[in-house]
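Reader: I'm new to this. Could you walk me through the structure and tell me how each label is earned?

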Amino acid sequence: MARFLLLRTLSLAASLLAASLVIFAAIEVVPGDPASYMLGMNAAPDTVAALRDQLGLNEPLGWRYLHWLAGLLQGDFGISYTYKTPVSGLIAERLALSAPLAGLALILSTALALPAGLIAAARRGKGADLAVTGLAQIGIAVPNFWFAMMLVALFALRWQLLPAGGFPGWAHPAAALRALILPAIALALPQAAILARILRSALIEAMAQDYIRTARAKGLSRRAALTRHALRNALIPVLTVLGMQFSFLLAGAIIIENVFYLPGLGRLIFQAITQRDLIVVESAVMLLVVAVIVVSFVTDLAYALVDPRLRRPA
Amino acid sequence: MSLLAIERLGVSIGTTVVLHEVSLRLEAGEILGLVGESGSGKSMTALAVMGLLPEGTQATGSVRLAGREITTLAERELCRLRGAGVGMIFQEPMTALNPLMTIGDQVAETLIVHRGLARSEARRIARDRLDRVGLPAPRFPLTLFPHELSGGQRQRVAIALAIALRPQLLIADEPTTALDVTTQAEVLDLLRELAHEEGMALLLITHDLAVTAQMAARVAVMQDGRIVEEGPTEALFRAPARPYTRALLAAARLAPLSDEYLDQGKATGAFSCQEDPKPDAGALLRVEDARRSYRLPRPALFAPAPARHAVDGVSFALHPGESLGLVGESGCGKSTLTRAILGLDPLSGGRITLAGAPVSPRMPPAQRAAVQVVFQDPYGSFDPRQTVARLIAEPFHLTGRPPDAEARIDAALSDVGLSPADRDRYIHEFSGGQRQRLAIARALIIRPRLIVLDEAVSALDVRVRAQVLALLARLQAAHGLSYLFISHDLSVVRAVTTRCLVMQAGKIVEEGPTADLFTAPRHPYTRRLLAATPRLPETWSTLDPPPASGA
Amino acid sequence: MRPALLIGAGLSGLAVAAAALSLVWTPWDPAAMAIGARLQPPSATHWMGTDHFGRDILSMLMAGARTSLAVALAAVAIGAGIGTPLGLAAAASRGSLLDATLARLNDLIFAFPALVTAILITATLGPSALNATLAIGLFNIPVFARTARGAALSLWTLDYIRAARVAGKGRARISAEHVLPNIASLLIVQATIQASLGILAEAGLSYVGLGAQPPTASWGRMLAEAQTMVALAPHVALFPGLAIVLTVLGLNLLGDGLRDALDPRLRGRLT
């Protein structure tokens, strides 16, 4: 187990380093000089040059990379070109919306998908199964932003039950939560469809294994074999998808945030890209990538908890 | 009253009838062997007794266990019966246990499900049962997971959970087919002992007549979903009434190569004279101190990585025209050695020469053409998307396609007993035995000097196996081929080779003329292998005409 | 017959037919504005109504199908064209430096949130249908590489591959002659799934203004323009959304149906 942990941690560090290099390099090739963007079209060339100097854009490339990396490690993400405030503060402010939204969506999608997948597998070929697989098929095909628009049209505009968009901030917790309900549903439903499908097929595959026959031969009913033996074995692919979904929900909210005019991380990145606020883009994308990599690390640890073959290789 | 009484049991899937009026009786404490070739309906009969027939099957007739009709039982009642009144073990121990659950919990589960015992009490009994099947406490704690056990040990766990509640009937469906011979002997001993000591009836399903002869007092022979013959094992095997049973027995009792055959072979120069081994004179294949080791994961982070010596200093020579056997159990290194001889994998030490030139993964095509191979799995040996003509012409890649390629494809097909008309068919249209014939045709087509037969008949039913072995012998005499015959099955090796090597843990432990090796083995391992190999008793001869029975 | 396959083929065929037909005929000119006929509900003259510029929605949908399918299919071609050979090569040289490097690269690409990166790419190169295709195609590469590698690896353990090696064939030749034909069905299934994801991604990018630019018709942009009018004229948002759902559904069902039809366990009976 110690060896497994150490290897995974080393590979985690390597992935993070590689990702930081890729992001830094990608930002370098983005056309457009941030200094000219900040000062506008009509700025004098020497003012621009002075600003470039001040922003550290004239330093050698390698030096700037190391500087950026050292800053990241200390939580210093630099100063936004457009907002003129520390990037860390900007990101933290946006995360206060995006992280709860992603969490809410994840809980919702899991709470929907797990029972649906289990019922479908347990009643394979019956009405409940057909209903779940049919709904899941449609759920996967629905673009979440269109689904969001339809939710707004019905729940916000026609029935006036929930706000159509905007975010009042956590100072008003009840209103803030209400503002997140429709976005969370819009995000969660397609993900729930994917998760339910994966769980169903993993369960069905597990039910075809020899050890299920053994379990049935010792007197377990089909349902007991499903919940006691197949479910745990089916969790492994489900964990993989859950891990991927968390990061997708964090970043994939970008379009949903557009529909609901939510000031989240996705919109921050989107606006920063169009305004060439590269330092914000760099740090925010890095943060998302860190989230993905850390989540996949946690998923690996979860595998080891589920599967003794990883924990105690023979 | 019989413990188990099956009467006129019929099972069909859609319009296909898989069991046809099967009737069987099994008394308490009795061992009944149910034998037959693959697809004869043995397993389906067992599943019907368990009430575990696959969905979509319809059953007719009656199955009574201790007087209780089970074909009409509700699923809930069947669950109560399974595991308590009747236990079952299956063929594949590697996959029969839940990989995520400890062996203790898996045995205890039987007790918890049926008796509603507390976990601690169930685990106490589980401990006792595991002790009983030969997995004693200190070495095999309840907390082990299946992947930490060998195949034989896993089969013992499967037995422990099947007998946890001391059922009156245990069904064992090919319980030792996936195991090595020495492990097979141990597991069979255990089953016999359990039946004897616990008064448990055993329905032993197997394709292996020798295993049946050793284990069962009574035997039933199945063919195409019917019981064709049934009776006390010895009497039935001595005097089978049905031609099918006689054919099975004849095929199972592989005769060693006959003296006339050997003499004839020597006279025509087809075999070298193995009584006069001159190791250096004109060997076709020479293996000298071959070694191949794999690095294992480090036990601790900075400890040196230990190595596993799969092949550990093997030397031997194979002479032109010779048929050399190589036997050993799984993991002995014979597969690794085979891959090196075929020039697929490199050696880490020593050398192999074929017809005087060194063998390596980079050897030139012309040299590679001196050796061809027939693999074990008739289903995985052919690309499903190519026609037979293209498949068996594949080795022409080594020699360049000769002008008479088409004629040679036809000739190769005829040679192995198939028709040239088969050339445009696809592989899924052929049976397992036909596929092995095609594999032989593919190996023959460029007239290699050596054919490596890597468990080439192990996956075949006995009658087909006998036919393919006869074909191999005929082809060897006709074309002056040399065979390297690799197998785990001693009886097969005995039937087709003149000289034999025994491999254990990467080393050749014994070498000599096959006849001597089987009659006077010198190495203890060879003796153990021979003792463990089930054999039809020599005295139960079926080669004599069946006694005329008036009744 | 398999209903999934039939429905899938029908819906996908409908989208392809609409796109093809739009090349030669649409009920109205999809770009022609008619201020007098703004936001009309569905009627005999405009089957799906008109948008806020009075453009015929059916005609725009037909032209938009062209964009969606072109982007999705070209992105699949990029992914399959580059990913498959990489996956085959990795499987053929299992455990080699190449295999390890490709595995690392794959992990790295998967670590980047696809949508954010696609936005970054299109924002960098400028918004256009072509750049959207490149961005989506990039993320298809590791998917095909992984699918091809996984499927090929299981084939490499089979005896017929070993027989081909005994027949002196090199790894590249075996990959082309024996491996690729036998994993083709799996790749086709993957292609339909990636095409459906590509249509969703293209719609998303167009919706935020980073996909096809006017005057090229696009489902995603139609939805973006419809958003402010969703209460006033729901049909403007309804039809493009349904077009996306049905096309994606069709491709997914087609993929599922093909997977069942091409299942190797059933192949013996089919060929």
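Author: Sure, here come a few labels, each set against its definition. This is a predicted model, where local features need pLDDT of at least 70 and side-chain atom pairs count only at pLDDT 80 or more, while totals for chains, interfaces and linings use all residues. Residues are numbered from 1 along each chain as its sequence is written, chains are lettered from A and ligands numbered from 1 in the order in which they are written, and side-chain values use heavy atoms, leaving out hydrogens and water.

Reader: Why is B:Cys79 called buried?

Author: Buried means under 20% relative accessible area, exposed over 50%, and partly exposed in between, with a 1.4 Å probe and protein chains only. B:Cys79 has 9%, so it's buried.

Reader: What makes B:Cys332 buried?

Author: Its relative accessible area is 5%, so B:Cys332 counts as buried. Across chain B, 56% of the 551 residues are buried.

Reader: How do you know that B:Cys332 has no bond to B:Cys500?

Author: A disulfide is a pair of cysteine sulfur atoms within 2.5 Å. The closest cysteine sulfur to that of B:Cys332 is in B:Cys500, 11 Å away, so that's too far for a bond. Over all chains, the structure has 0 disulfides.

Reader: How do you know whether the radius of gyration of chain B agrees with a compact globule or not?

Author: The radius is taken over C-alpha atoms, and the globule rule is 2.2 Å times the number of residues to the power 0.38. For 551 residues that gives a value near 24 Å, and chain B has 26 Å, so the two agree.
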